[in-house]
Amino acid sequence: MMSMGDKCYDLHSHTYYSDGMLSPADLILRAIEKGVNVLAITDHDSTNALNEAHDFINTQQLPLKLIDGVEISTNWKGFDIHVVGLNIDRHHVAMTDLLAEQIERRNARALEIGQRLEKKVIANAYAETQKLANGHAITRAHFARFLVAAGVVKNVDSAFKKYLKKGKSAYVPPMWCDIPAAVAAIHAAGGVAVLAHPARYDISGKWLRQLLVDFKAAGGDAIEVVQSQQSPDKTQQLTKHAIEYGFLGSVGSDFHEPSSWRELGKGLHLPSAVTPIWQQWSL
Ligand code: AMP
Ligand code: MN
Ligand code: MN
Ligand code: MN
């Protein structure tokens, strides 16, 4: 658990409104149990969890500050790059318009992923995966869960390795908006734009630096310096990058579901050399 002053921040998490496994209420209760004081819910291309989350906190009078967030998928040179928006006005038309387009793109992509799997691997992949997503933002994680449930692969990780990740047979190249469009919508909605998990993209150090240059040029405000299960090496490198390129620092678990290796609020200590993204928030 990280503490800054006396607060524990976790600014990246998911509910079942995208590929998380918990309801907003269960996510909030778990965050409180784990000592989180400030939580951002950042579902993939969706803000649909947020009303329910605020209602739950208000009616139960819970000791948790909820930050309205979103994780927008973008296409950068053919890579899926994630941009988190924090403290957004979830009702702003620039945001709702962009997310409506993104969800359409998700649906079109899901149809294509389904067709690829149905041709080569297993029948009914699209329909069955759609059921798992339950009408919410459909992701590759849902396809991975379907492949596990159908007995095609033994776990989610091998579903990605064998079929879903870039270069594999069911991978569909990103059709997402570009980075400038994501940053612009976040800013229009009054939020700050954060490059998500910079150390988790499958790109070289040289390309990562180019990504940081491009994100900065697009008006990006911050990068996630600290993630769950990130090596101290990586954190140190990202600390240097944040300072060098003039980014604020954010921290987040990217929590999706209870597991032994990723937990809300766990290990999220932002190095003091980086200016925290929450410094100018009045909480
Ligand atoms: P999508 O946004 O539809 O491309 O789905 C990406 C999501 O799949 C990520 O947010 C992760 O939650 C999950 N994911 C990506 N790669 C892996 C992996 N290797 N193992 C498990 N989950 C993954
Ligand atoms: Mn995810
Ligand atoms: Mn992500
Ligand atoms: Mn995420």
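The exercises below work through the metal sites, one helix and the pockets of a predicted model.

Residues are numbered from 1 along each chain as its sequence is written, and chains are lettered from A and ligands numbered from 1 in the order in which they are written. In this predicted model local features need pLDDT of at least 70, side-chain atom pairs count only at pLDDT 80 or more, and totals for chains, interfaces and linings use all residues, while side-chain values use heavy atoms, with hydrogens and water left out.

**Exercise 1. Determine which residues coordinate the manganese ion (ligand 3), and where its two histidines lie.**

Step 1. Taking as donors the N, O and S atoms within 2.8 Å of the metal (3.2 Å for Na, K and Ca), with water not among the atoms, so that sites may look incomplete, one finds Glu71 (OE), His82 (ND1) and His197 (NE2) at 2.1 to 2.2 Å from the manganese ion (ligand 3).

Step 2. The histidine pair links distant parts of the chain, 115 residues apart, since histidine 82 belongs to strand S4 (residues 79–86) and histidine 197 to the loop between strand S5 (192–195) and helix H8 (205–217); helices (H or I, at least four residues) and strands (E, at least two) are DSSP runs, numbered from the N terminus.

Step 3. Both histidine 82 and histidine 197 are buried, a term for under 20% relative accessible area, with exposed meaning over 50% and partly exposed in between (1.4 Å probe, protein chains only).

**Exercise 2. Identify the donors of the manganese ion (ligand 4) and its separation from the manganese ion (ligand 2).**

Step 1. His12 (NE2), His14 (NE2), Glu71 (OE) and Asp254 (OD) coordinate the manganese ion (ligand 4) at 2.1 to 2.2 Å, and their spacing in sequence is H-x1-H-x56-E-x182-D.

Step 2. Histidine 12 counts as buried because its relative accessibility is 0%, and histidine 14 is likewise buried, with a relative accessible area of 0%.

Step 3. The manganese ion (ligand 4) and the manganese ion (ligand 2) are separated by 4.5 Å.

**Exercise 3. Establish how the buried residues of helix H4 (residues 125–133) are arranged.**

Step 1. The buried residues of helix H4 are Ala125, Tyr126, Thr129 and Ala133.

Step 2. Viewed down the axis of H4, these residues fall within an arc of 90°, so they line one face of the helix; the arc is that of the directions from the helix axis to the C-beta atoms.

Step 3. They pack against helix H3 (93–120) and helix H5 (140–149), where contact means heavy atoms within 4.5 Å.

Step 4. Asparagine 134, whose phi is positive, near 60°, follows H4.
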